[in-house]
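Biologist: I should like to go through this model with you step by step. May I put some questions to you once it is in view?

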Amino acid sequence: MSQQVENITLDDEGLVYRCRRGDSDAMSRLILKYQDRVYNTILKICANRDDAAELTQETFVKVIERINTFKGQSAFYTWLFRVAVNLTYNFCKRRVKLPIYSLENLAGKQLDDSRAQLKTLLADESTVDPALVAQNKEIGQIALAALSELDEDHRIVIVLRDIEGMTYDEIAQTLQIELGTVKSRLSRARANLKSILETVLK
Amino acid sequence: MTQIDKPEIEELLSSYIDGELSERQCNEVKRLLDHDPQVAEMLARMERQKELLNALPVESAPETMLADIKGSLERNLLIGREVQEIREVAPSKGIFARRVLAAAAMILVPIGILSIVVLSLFSSPPEGKDNIAKNDSPGVTVTIADSGIPDSDIAVELLPGNFNSALQLATSEAAAVNSFIEKAIYSNGLSDNTVLSEKDTINTYRVSSTPTLITALLQDMETIWAKCRTNRFMVYDEQLQRAAVVNNITSVQILDVFEQAEPEGRITVAKMFAEINPAVGSVEATVRFDPSNPIKPVLTGPEQVPTTDDASGVEEKITLIITVAGL
């Protein structure tokens, strides 16, 4: 199919405008632009790859079908993540099965070295780069398992900040809460995660 | 640092490592760090924890994600159609309200259509051409019936020698409808026979192929009808110098039109549907082509001219112009 359309890079606003006008190419570009970030965020919250894939798909379907209702009062990015987080939050609330990263799943594994390495890192007793340590599969699993032990509210805010890298303003817009609530919730989430990790690494 | 202060200090440090404190608050934290090693240790631990989470490997979405999303959108189109069919077959509530609305529609729709026709006549070019003709370009202008459609005057260019048809769809789910049409075009092997153009709120697909493939395309597009608020369909033939316009044609009716072997039969069937769709009103038009410019239609009476190239045994080529207007 030959397209008489200029092939230019558009920002979110331009892509959303074109998507609202029925431009399927713009729709594809929006999906490709954000699918990995949405999937990764959902995965870190729900801790199950199959569920994360389904929720990511559901998120984009919902966003595309309702794109005409998007008024542009917030950024498309925060609107997209609001849909993703709400779907994931509701899903986690009604889920009964354990996530793949649960601490119980890790109990029987040979993780002593990784535990020791992580303990040293968090105690700030080494000069090891946390980025390198995090690439260790077992250490990553311990961190994710500890994360999955948090309440949904705490897990979500910490994932949005420390993994997705949102600003406090963006988190407030995404979760539709006050800026002060973001600060206090994030602080409590970090403190709780610290306690969980200390228990795991004893 | 006391246990009472701890939550407040934790919150302060948490915002500090994220760079979300004011200058005054930053100075306060620095003062605390200088005087309390416990606070400094707490900060270091918090920073390492944040760095650890930030450095966790990013996992990519499955490779099939885009295709899966498009598939879901299409499935939702199907479900939407089924729901609509159920509602049409088994109405249960609001009979009185529907009767009132139906009565209002019977009064208002003909008035609306009459207004469009009158407006078109009075806005005709000075040469006195047909209301569907355009003087300045080799094309015809068709107006979608719903007055709520933005940029509803859409010029479609005629292809000389071809049987031409135009299907104009108005929908509030243009992205999904366009995606579905593109997939139908692709799956019927019509990509190379299609030119897509985009202008503001409107996507136009100009498909030129055999009646068999155009019919197959329309069969695959059947599901999008439920997602369209209104439509207008037009057929016209240069050699026959005849045309017909049908408002809100159904998916079954449009297939009936294209299942006719000859252009004359297609126009006759379309005219029949134009007459039997009284609830929404229909308009039919007859055009003659200016001999000096064979692709510029002008208003005239019908004239029967044989068209198909039966002797050659080659299936004729026809054009279908699908326009999707986002609401």
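Biologist: With which residue does A:K33 form a salt bridge?

Modeller: This is a predicted model, and every value given here is computed from it. A salt bridge requires a side-chain nitrogen of Lys or Arg within 4 Å of a carboxyl oxygen of Asp or Glu. The closest N and O atoms of the pair are 2.5 Å apart, and the partner of A:K33 is A:D12.

Biologist: How many residues apart in sequence are the parts that this pair ties together?

Modeller: A:K33 lies in helix α2 of chain A, whereas A:D12 lies in helix α1 (residues 12-20) of chain A. The pair therefore ties together parts whose separation in sequence is 21 residues.

Biologist: Is A:D12 buried or exposed?

Modeller: A residue counts as buried under 20% relative accessible area and as exposed over 50%. For comparison, A:K33 has 41% relative accessibility and so counts as partly exposed. A:D12 has a relative accessible area of 15%, so the word for A:D12 is buried.

Biologist: Which residue meets the side chain of A:R37 in a salt bridge?

Modeller: A:R37 also lies in helix α2 of chain A, and its partner lies in the loop between α9 (152-163) and α10 (168-175), so the pair ties together parts that are 127 residues apart in sequence. A:R37 is partly exposed, at 36% relative accessibility, while the partner is buried, at 12%. The N to O distance is 2.5 Å, and the partner is A:E164.

Biologist: Why is helix α2 of chain A described as largely enclosed by the rest of the structure?

Modeller: The description rests on how many residues of the helix are buried, which means under 20% relative accessible area. α2(A) has 23 residues, and it is largely enclosed because the number buried is 17.

Biologist: On which residue is the kink in helix α2 of chain A centred?

Modeller: The helix covers residues 24-46. At its start, a side-chain oxygen of A:D23 reaches to within 2.8 Å of the backbone nitrogen of A:D25, and just after the helix A:A47 takes a positive phi of about 60°. The kink itself is about 45° and is centred on A:Y34.

Biologist: Turning to chain B, which residues make the nonpolar surface patch of about 350 Å²?

Modeller: One member of the patch, B:L108, lies in helix α5 (residues 95-122) of chain B. B:L108 has a relative accessible area of 57%, so it is exposed. The patch is made by B:M106, B:I107 and B:L108.

Technical notes
Residues numbered from 1 in each chain as written. Chains lettered and ligands numbered in written order. Predicted model: local features only at pLDDT ≥ 70, side-chain atom pairs only at ≥ 80, totals over all residues. Heavy atoms only, no water. Bend = angle between axes of the 7 residues up to and from the residue. Helix = DSSP H or I, 4+ residues; strand = E, 2+ residues; numbered from the N terminus. Buried < 20%, exposed > 50% of the residue type's maximum accessible area, 1.4 Å probe, protein only. Polar contact = N/O pair within 3.5 Å; in protein donor to acceptor, adjacent residues only side chain to side chain. Patch = residues over 30% accessible without salt bridge, like charges linked within 9 Å, V, L, I, M, F, W, Y side chains within 5 Å. Areas by Shrake-Rupley, 256 points an atom, 1.4 Å probe, with all protein chains shown as cover.
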